[in-house]
Amino acid sequence: MTREQLIARNDTLRTQFRGGKILMDTSVWHVSSQVRARAAYRMTRHFDFPKESNHDYGEFVFAGYSWRWQIESFAGELFLTLSIEEDLLMEVV
């Protein structure tokens, strides 16, 4: 598979949710369904990749959380996992 094909495959999964499975880390289930849906939409609009990237991971800030998504292949199947890395609004005591 060429790099261009790999990028196209990853972008299709991330933007159209086709070509693999979408998983959400347990951290994502602690926020409301509306925030989860909006974060998933925000992920589809992510196009700020480093030049050498295969578009297989990314991070963004949304609704007071730092989100991360990662695309990996396992047993011949493609998986995209969305997780919350950090609660940016959590009060530090």
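Me: When does a charge sit over a ring?
Reply: You look at NZ of Lys or CZ of Arg and the ring centre. The atom has to be within 35 degrees of the ring normal, and its distance from the ring centre has to be within 6 Å.

Me: Over the ring of which residue does the charged end of Arg14 sit?
Reply: Keep in mind that this is a predicted model. The charged end of Arg14 is 4.9 Å from the ring centre in question, and that ring belongs to Phe47.

Me: Is His46 buried or exposed?
Reply: His46 is found in the loop between helix H2 (33-44) and strand S2 (57-62). Leaving out residues up to four places away in sequence, it touches Arg14, Gly58, Glu59 and Trp69. Its relative accessible area is 7%, and the cut-off is under 20%, so His46 counts as buried.

Me: Which backbone oxygen does the side chain of His46 reach?
Reply: A polar contact needs N or O atoms within 3.5 Å. The side chain of His46 gets to 3.3 Å from its partner, the backbone oxygen of Asp48.

Me: How is the aromatic pair of Phe60 and Trp67 arranged, stacked or edge-to-face?
Reply: A search of the whole structure turns up 3 aromatic pairs. In the pair of Phe60 and Trp67, the rings are 6.2 Å apart centre to centre, with 5° between the planes. Planes under 30 degrees apart count as stacked, so this pair is stacked.

Me: And what is the angle between the planes of Tyr65 and Trp67?
Reply: Phe60, Tyr65 and Trp67 form one aromatic cluster. Tyr65 and Trp67 pair edge-to-face at 6.1 Å centre to centre, and the angle between the planes is 75°.

Note on methods
Residues numbered from 1 in each chain as written. Predicted model: local features only at pLDDT ≥ 70, side-chain atom pairs only at ≥ 80, totals over all residues. Heavy atoms only, no water. Helix = DSSP H or I, 4+ residues; strand = E, 2+ residues; numbered from the N terminus. Buried < 20%, exposed > 50% of the residue type's maximum accessible area, 1.4 Å probe, protein only. Polar contact = N/O pair within 3.5 Å; in protein donor to acceptor, adjacent residues only side chain to side chain. Contact = heavy atoms within 4.5 Å. Phe/Tyr/Trp six-rings, centres within 6.5 Å; stacked < 30°, edge-to-face > 60°.
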